[in-house]
Amino acid sequence: MITAMTHMDSDGVISLSLFLKKIGGARIRVYFTSPVQLRDTICRSVLHLKNLGELYIFDLAGENKAVYAASIYDRVVWIDHHDWEPENKPEHVEIIIDKKAKSAARVVARYFNLDSFLVDLADQIDSNSVKDEDAEKIRTVIGALRYGFSGVELNRKLYKFARELMNEDLSVLESYKNIVDKYTKWLEKVIENVKKGTKIFHVADMKVAIYETMEAVPVYLISNEIDDDVDIIVILIHWLGKEKPTTKLEFRTHTDVDVLKIAKFFGGGGHKKASGASVRDIVTIPEVLKAIELLYT
Ligand SMILES: [Mn+2]
């Protein structure tokens with residue numbers, strides 16, 4: 001049996017589609033998840049299973065506990081491009097990290113010896129430098145699916161989309177027209193809110209832009225709306241959970257400031273130019289500003 005876990009974004013979906021191509025479109029178990037959820041996803045995935053088989057993980061940064069959890073599988077292949085290093089791992093766990101790669105899809109393609117135009121599109125999307133219309137369309141379809149669905153249904157839709165991409169025929173993108181139209185209308189409202197609601201601060205000789213919201217907004221969109229001279233972009237997404245509120249923090253830069261540092265401060269990770277964290281508490285703007293002052297002065 002084969003299980004795959006991949007990031008719930010364009011790079012993750014394309015990474016999976018490349019892998020599906022490699023295995024000839026075989027039906028496998030697929031979980032779309034996030035670095036924060038990964039350990040839980042792994043633990044949930046093994047319940048009631050007699051034979052565990054192989055686990056493939058794409059585009060997800062890990063930490064020791066996630067590596068240990070993954071190692072319960074008979075064999076693990078973990079391919080990523082985020083900035084992390086496993087401290088120690090069992091022999092049957094293979095971890096390939098190329099943090100210089102623009103996308104995990106590129107590392108996946110190299111590992112499996114695949115050649116696909118999708119890799120270049122993943123590069124464009126994941127480094128937020130979209131040039132091709134096809135890259136834009138793929139990113140929008142995934143955004144629309146994440147906007148329109150959740151839970152098991154979202155997982156199924158993303159898996160279906162990865163299978164469609166596997167065939168490398170992008171005419172399939174047209175079939176998402178309705179849901180994309182609805183999503184695009186919502187995006188226009190989000191952009192308006194970002195323009196009105198972004199606050200600018202000057203901390204540690206840097207220009208910092210902070211946008212707070214309670215909606216699951218696409219981060220690239222906000223980042224693109226914010227002025228080019230902003231050193232640190234902070235997006236605070238607040239969730240009022242059943243037991244405890246959670247704050248999702250996203251960090252970007254337009255001026256090459258290392259934002260991995262601040263993500264790690266809040267217990268997260270990612271890349272030097274794009275990072276994030278998830279905190280099971282309300283994180284306020286003054287707290288973020290204090291952290292920036294502390295870390296960057
Ligand atoms: Mn990625």
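In this predicted model, helix α1 lies across strands β1 (2-7), β2 and β3 (54-58). The helix runs at about 155° to β1. Helix α2, residues 38-45, lies across β1 and β2. Its direction is at about 155° to β2.

The strands beneath this description belong to an open sheet of five, ordered β2-β1-β3-β4-β5, with parallel pairing. The edges are taken by β2 (29-33) and β5 (93-97). Each has a single partner strand, so one side of each is left without a neighbour in the sheet. From one strand to the next, the twist averages 10°. Strand β4 (residues 75-80) runs parallel to β5 and is joined to β5 by five bridges. Within this pair, D80 stands opposite I97 of β5.

Helix α1 (residues 10-22) also packs against helix α5 (residues 117-126). The angle is about 165°, and the axes are 9 Å apart. The two helices are therefore roughly antiparallel to each other. Their crossing is left-handed. From α1, the contact takes S10, D11, I14, S17 and L18. These meet L118, L121, A122, I125 and D126 of α5. By class, the contact residues are six nonpolar, two polar and two charged.

At the level of the whole chain, the domain assignment gives domain 1 (2-177) and domain 2 (198-296). Their C-alpha centres lie 25 Å apart. Eight residues of domain 1 and nine residues of domain 2 make the contact. On the domain 1 side, four residues are nonpolar, three are polar and one is charged.

How values were computed:
Residues numbered from 1 in each chain as written. Predicted model: local features only at pLDDT ≥ 70, side-chain atom pairs only at ≥ 80, totals over all residues. Domains from an automatic or database assignment. Contact = placed C-beta atoms within 7 Å. Nonpolar A, V, L, I, M, F, W, Y, C, P; charged D, E, K, R; others polar. Axes fitted to C-alpha atoms, helices over the stretch in contact; angles between N-to-C directions. Helix = DSSP H or I, 4+ residues; strand = E, 2+ residues; numbered from the N terminus. Parallel < 35°, antiparallel > 145°, perpendicular 65-115°, else oblique. Left-handed = near helix turned anticlockwise from the far one by under 90°. Pairing = 2+ DSSP bridges.
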